[in-house]
Amino acid sequence: GINAEYGQLTVSTKMSMKTRRHNKRLFRFQTHSNPLSDQDWEYPVTPADMDWSQLYPHAPAGKRVEFIDIGCGFGGLLVKLGENFPDRLSLGMEIRRPVVNFVEDRLAGYREKEGAESRNNVAVLATNAMKLLPNFFERGQLQKMFFLFPDPHFKKKKFKRRIISRQLLGTYAYLLAVGGILYTITDVEALGDWMRQHLDDCPLFERITDQAELDADPCVAMIQVSSEEAKKVDRASGSKHMAIYRRIAPPADSDDE
């Protein structure tokens with residue numbers, strides 16, 4: 001079944017083609033945001049109600065988003081996904097609106113420099129992914145989900161805000177196609193243990209441990225180096241704790257499918 005809370009979401013689609021520098025010093029950012037708080041979001045009632053042409057005006061009619069980066073931050077992974085998977089639509093989802101504005105500006109800068117159709121297979125959306133994913137995506141629509149350096153919410157009373165949890169894994173399994181891949185990485189060892197434990201306990205995911213398979217997946221290298229947070233960890237000589245899982249069919253006696 002699906003376990004999800006429904007809230008509200010806003011779609012930010014304004015793309016200025018004027019020459020603008022994507023300089024973080026020109027933006028003000030919150031380090032953290034409470035995903036359980038109520039905000040004035042707008043959102044489609046069902047995935048069929050979402051007009052994706054606003055975000056992907058050059059995509060063929062009916063082409064669907066298959067890759068999502070939850071908490072995409074400043075868009076480092078998103079840009080690399082666009083470069084490495086030109087035939088797939090990738091979407092960054094971020095709860096902090098000023099950060100979304102920064103990523104929009106960053107993508108607009110690429111298009112100004114490289115041409116209007118540059119990076120047109122990637123987009124960013126201001127949203128609360130913890131509450132709203134089922135409003136945007138159909139069952140089994142997604143092929144890849146990324147969770148890079150999520151907020152650790154260190155205090156025990158805030159663990160319910162963590163983006164990997166037993167309840168939320170039901171939603172992720174609902175949206176990921178069987179065979180789809182879920183990627184996690186963090187520089188906080190305790191959070192890495194938490195995410196692995198919850199995913200290991202979920203019967204709809206299996207951890208990918210075969211090194212040859214991991215080496216053959218370009219996304220495995222990308223999540224370790226492409227995001228701004230990954231680069232920050234490298235500058236501090238920090239450690240990274242990565243775990244990657246495949247969505248599997250439920251046991252034969254389960255009615256989850």
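What is the mean pLDDT of the chain, and what percentage of its residues reach 70 or more?

1. **Confidence of the model.** This is a predicted model, and the mean pLDDT of its chain is 85, with 82% of the residues reaching 70 or more. A reader new to the structure should set against this the stretch of residues 1–36, over which pLDDT stays under 50. The model has 104 contacts beyond four places in sequence for residues 1–36.

2. **The chain as a whole.** The secondary structure comes to 8 helices and 7 strands, and of the 257 residues in the chain, 51% are buried. Among the contacts in the chain with a separation of 6 or more, 83% are accounted for by residues that lie 24 or more positions apart.

3. **Helix α4 and its surroundings.** Helix α4, which runs over residues 166–175, is mostly covered, since 7 of its 10 residues are buried. The buried residues of α4 are Leu168, Leu169, Gly170, Thr171, Tyr172, Ala173 and Leu175. The elements that cover these buried residues include the helices α3 (129–136) and α5 (189–201), together with the strands β4 (142–148), β5 (176–186), β6 (205–207) and β7 (241–247).

4. **The packing of α3 with α4.** How are α3 and α4 oriented relative to each other? Their axes lie 10 Å apart and the two helices pack at an angle of about 25°; angles under 35 degrees count as roughly parallel, and α3 and α4 are therefore roughly parallel to each other. The crossing of these two helices is left-handed. On the α3 side the contact is made by Met130, Leu133 and Pro134, and on the α4 side by Leu168, Thr171, Tyr172 and Leu175. By class, the residues of this contact divide into 6 nonpolar and 1 polar, with no charged residue. Leu168, Thr171, Tyr172 and Leu175, which α4 brings to the contact, also appear in the list of buried residues of α4.

5. **Ala177 in strand β5.** Strand β5, one of the elements covering the buried residues of α4, holds Ala177. Is Ala177 buried or exposed? Its relative accessibility is 13%, and because buried means under 20%, Ala177 counts as buried. Leaving out residues up to four places away in sequence, Ala177 touches Gly140, Leu142, Gln143 and Arg247. Ala177 and Arg246 are 69 residues apart along the chain, while their C-alpha atoms are separated by 9.5 Å.

6. **The packing of α1 with α7.** The helices α1 and α7 pack at an angle of about 155°, and their axes are 10 Å apart. That angle makes α1 roughly antiparallel to α7, and the crossing of the two is right-handed. Which residues make the contact? Helix α1 contributes Leu77, Lys80, Leu81 and Asn84, whereas Cys219, Met222 and Ile223 come from α7. The residues of this contact divide into 5 nonpolar, 1 polar and 1 charged.

7. **The crossing of α7 with α8.** Helix α7 (residues 218–225) also meets helix α8 (residues 228–235), and here the axes come within 6 Å and cross at roughly 65°. The contact is made by Ile223, Gln224 and Val225 of α7 and by Ala230, Lys231 and Asp234 of α8. Its classes come to 3 nonpolar, 1 polar and 2 charged residues. Ile223 of α7 takes part in this contact with α8 and is also listed in the contact with α1.

8. **Gly75, in the loop before α1.** Gly75 has its place in the loop between β1 (65–70) and α1 (76–84), and with a relative accessibility of 1% it counts as buried. Not counting residues up to four places away in sequence, Gly75 touches Val103, Arg106 and Glu228. The separation of Gly75 from Val124 is 49 residues in sequence and 8.3 Å in space, taken from C-alpha to C-alpha.

9. **Arg119, in the loop after α2.** Where is Arg119 placed? Arg119 is in the loop between α2 (97–114) and β3 (122–126), and, at a relative accessibility of 12%, Arg119 counts as buried. Once its neighbours within four places in sequence are left aside, Arg119 is in contact with Val79, Glu83, Leu107, Tyr110, Arg111 and Glu114.

Methods:
Residues are numbered from 1 along each chain as its sequence is written. This is a predicted model: local features need pLDDT of at least 70, side-chain atom pairs count only at pLDDT 80 or more; totals for chains, interfaces and linings use all residues. Side-chain values use heavy atoms; hydrogens and water are left out. Buried means under 20% relative accessible area, exposed over 50%, partly exposed in between (1.4 Å probe, protein chains only). Helices (H or I, at least four residues) and strands (E, at least two) are DSSP runs, numbered from the N terminus. Contact means heavy atoms within 4.5 Å. Axes are lines fitted to C-alpha atoms, for helices over the stretch in contact, and angles run from 0 to 180 degrees between N-to-C directions. Angles under 35 degrees count as roughly parallel, over 145 as roughly antiparallel, 65 to 115 as roughly perpendicular and the rest as oblique. A crossing is left-handed if the near helix is turned anticlockwise from the far one by less than a right angle, and right-handed if clockwise. Ala, Val, Leu, Ile, Met, Phe, Trp, Tyr, Cys and Pro count as nonpolar, Asp, Glu, Lys and Arg as charged, and the others, Gly among them, as polar. pLDDT is the predictor's confidence in each residue, from 0 to 100.
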